[in-house]
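Biologist: I am new to this structure and would like a close look at one part, the surroundings of the ligand. Please go on from there to the rest of the chain.

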Amino acid sequence: MRYHFVVNGYTEDVQSQMEEQKGFAQKYLAGMEQKEAIIYCRNSEDVQKIQAHHAKEAVFIKSKEYVPEHILQVLCSQAGTEELYIFGSDDSGMELAVRMAARLLGSSVTEAEKLYLPVKGQENSGKNHGISVSKMVYANHMEGIFAMKRGPYCISLARGGEWQELTPGMFCVKEEMICENQADHILSQKFYPEASEDSLGHAKVILAAGRGVKNKENMTVIDETAKCLGAEVAVSRPAAMNAWKPMNRLIGVSGAMVGPEICITAGVSGAAAFYAGIEKSKFIAAINTDENAPIMKMADVAVVDDFLPVLEELKKLVTTKNPMVISYTICK
Ligand SMILES: Cc1cc2nc3c(=O)[nH]c(=O)nc-3n(C[C@H](O)[C@H](O)[C@H](O)COP(=O)(O)OP(=O)(O)OC[C@H]3O[C@@H](n4cnc5c(N)ncnc54)[C@H](O)[C@@H]3O)c2cc1C
């Protein structure tokens, strides 16, 4: 097996990306044959101007615009099935590693931290599936080890891993390929900025919706109530997986760990993986039709009812600035 570094030459921090790749290879790929680096970039001068390299030879894939589809086409056309491709730790590295492996029916792991090579002589023994890669999972609570069973093996590195100084001097250019700039597979595109994940971390009031909310349409009630309360909206995993809200709104061991003044849950059962994310809340109010749901025992206030009429009522109370609501909050 041989390995290639795949470098994103469009980014400003191309040098640190290469240093991480070199550090990773020195630690985990000793003895493995290194092949030419594959560098996708606007132009080779951007990369060569750092006057340092981590592979003797390089192939440049040049395109005026960064169009992943076109870079992918070139990468796939050049790929060998039993080779390891080490992408950088940025979003582009993650995307291309996964898409390349999927297209070529290989294996991919993103944010790889460690790599284990098969023991010599046992490669096909059944015990040894080839390369294994470890990465942190469930919000850094656990280390997962993934067996990569089929090549090409495409990994992107975790941010902030081991690094090694680059070798002074430029890459020896083996080949330069020019990509089409026409993004003909994209008919139109629009970008919607997402609220940063931090907004949950700093929220004073959170309204968290669970599977009991039943559908995306009902999330409007959650959004409206949250607006009245000055709360951030969060979701449990089933709600996030149903795309009722983006993944950066997920609370729990796989998402954000929060500690607001008040956390209101609606249609959330209170599974341990979710509760771990809200247990630091100062005050928890749970709305659930099932009085035996675990969240009801853990909440400071448990309302056994359908979340819809309860939230409608809460909205009314807050918008009419009912003094009872204010004193109720102060009491706690
Ligand atoms: C390794 C691992 C990691 C995980 N990480 C997370 C994580 O980070 N975050 C997370 O949330 N989950 C996580 N999970 C999943 C977790 O175990 C639960 O499955 C999940 O939290 C359940 O979500 P829920 O409470 O929305 O849904 P459910 O458990 O299905 O609960 C829905 C609740 O809604 C109530 N309900 C139904 N209708 C209404 C209504 N009209 N009004 C009011 N209440 C109603 C029901 O009585 C029920 O209690 C993880 C699981 C694993 C295995």
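Modeller: What follows starts at the ligand and then moves to confidence and to single residues. The model is predicted, and the chain averages a pLDDT of 89, with 89% of the residues at 70 or above.

The shell around the ligand holds 28 residues. Arg-211, Ser-236, Ser-254, Ser-269 and Asn-288 are the closest of them. Sorted by class, the shell is made of twelve nonpolar, ten polar and six charged residues. Three elements each give at least two residues to this shell: helix 7, which spans 237-241, helix 8, which spans 272-278, and strand 17, which spans 283-288.

Backbone atoms also come up to the ligand. At Arg-237, a backbone N or O atom is 2.8 Å from an oxygen atom of the ligand. At Gly-267, a backbone N or O atom lies 3.1 Å from a ligand oxygen atom. For Phe-307 the partner is a nitrogen atom of the ligand, 3.1 Å from a polar backbone atom of that residue. Taken on its own, the ligand has 980 Å² of accessible area, and the protein covers 76% of this area.

Confidence varies along the chain. Among the elements, strand 16 (residues 262-266) has the highest mean pLDDT, 98, and helix 11 (residues 323-331) the lowest, 44. Residues 326-332 have a pLDDT below 50, and this stretch makes six contacts in the model beyond near neighbours in sequence. Where pLDDT is low, predicted coordinates should not be read in detail.

Next come some backbone details. Ala-243 sits in the loop between helix 7 and strand 16. Ala-243 is not a glycine, yet its phi is positive, at about 60°. Its relative accessibility is 44%, so Ala-243 counts as partly exposed. Lys-214 also has a positive phi, near 80°, and is likewise a residue other than glycine. Lys-214 belongs to the loop that runs between strand 14 (205-209) and helix 6 (219-229). With a relative accessible area of 63%, Lys-214 is exposed, because the cut-off for that class is over 50%.

A cis peptide bond leads from Gly-151 to Pro-152, with omega near -5°. Pro-152 is in the loop between strand 10 (142-148) and strand 11 (153-157).

Two further residues show how parts separated in sequence meet. Gly-169 is placed in the loop between strand 12 (167-168) and strand 13 (172-178). Leaving out residues up to four places away in sequence, Gly-169 touches Gln-51, Ala-52 and His-53. From Gly-169 to Lys-49 there are 120 residues in sequence, while their C-alpha atoms are 9.6 Å apart in space. The relative accessible area of Gly-169 is 26%, so this residue is partly exposed.

Ala-302 is part of strand 18, residues 301-304. Apart from neighbours within four places in sequence, Ala-302 is in contact with Ala-286 and Met-296. Ala-302 and Ala-285 are 17 residues apart along the chain, with 5.8 Å between their C-alpha atoms. Ala-302 has a relative accessibility of 40% and therefore counts as partly exposed.

Key:
Residues numbered from 1 in each chain as written. Predicted model: local features only at pLDDT ≥ 70, side-chain atom pairs only at ≥ 80, totals over all residues. Heavy atoms only, no water. Near = heavy atom within 4 Å. Polar contact = N/O pair within 3.5 Å; in protein donor to acceptor, adjacent residues only side chain to side chain. Areas by Shrake-Rupley, 256 points an atom, 1.4 Å probe, with all protein chains shown as cover. Helix = DSSP H or I, 4+ residues; strand = E, 2+ residues; numbered from the N terminus. Nonpolar A, V, L, I, M, F, W, Y, C, P; charged D, E, K, R; others polar. pLDDT = per-residue confidence, 0-100. Contact = heavy atoms within 4.5 Å. Buried < 20%, exposed > 50% of the residue type's maximum accessible area, 1.4 Å probe, protein only.
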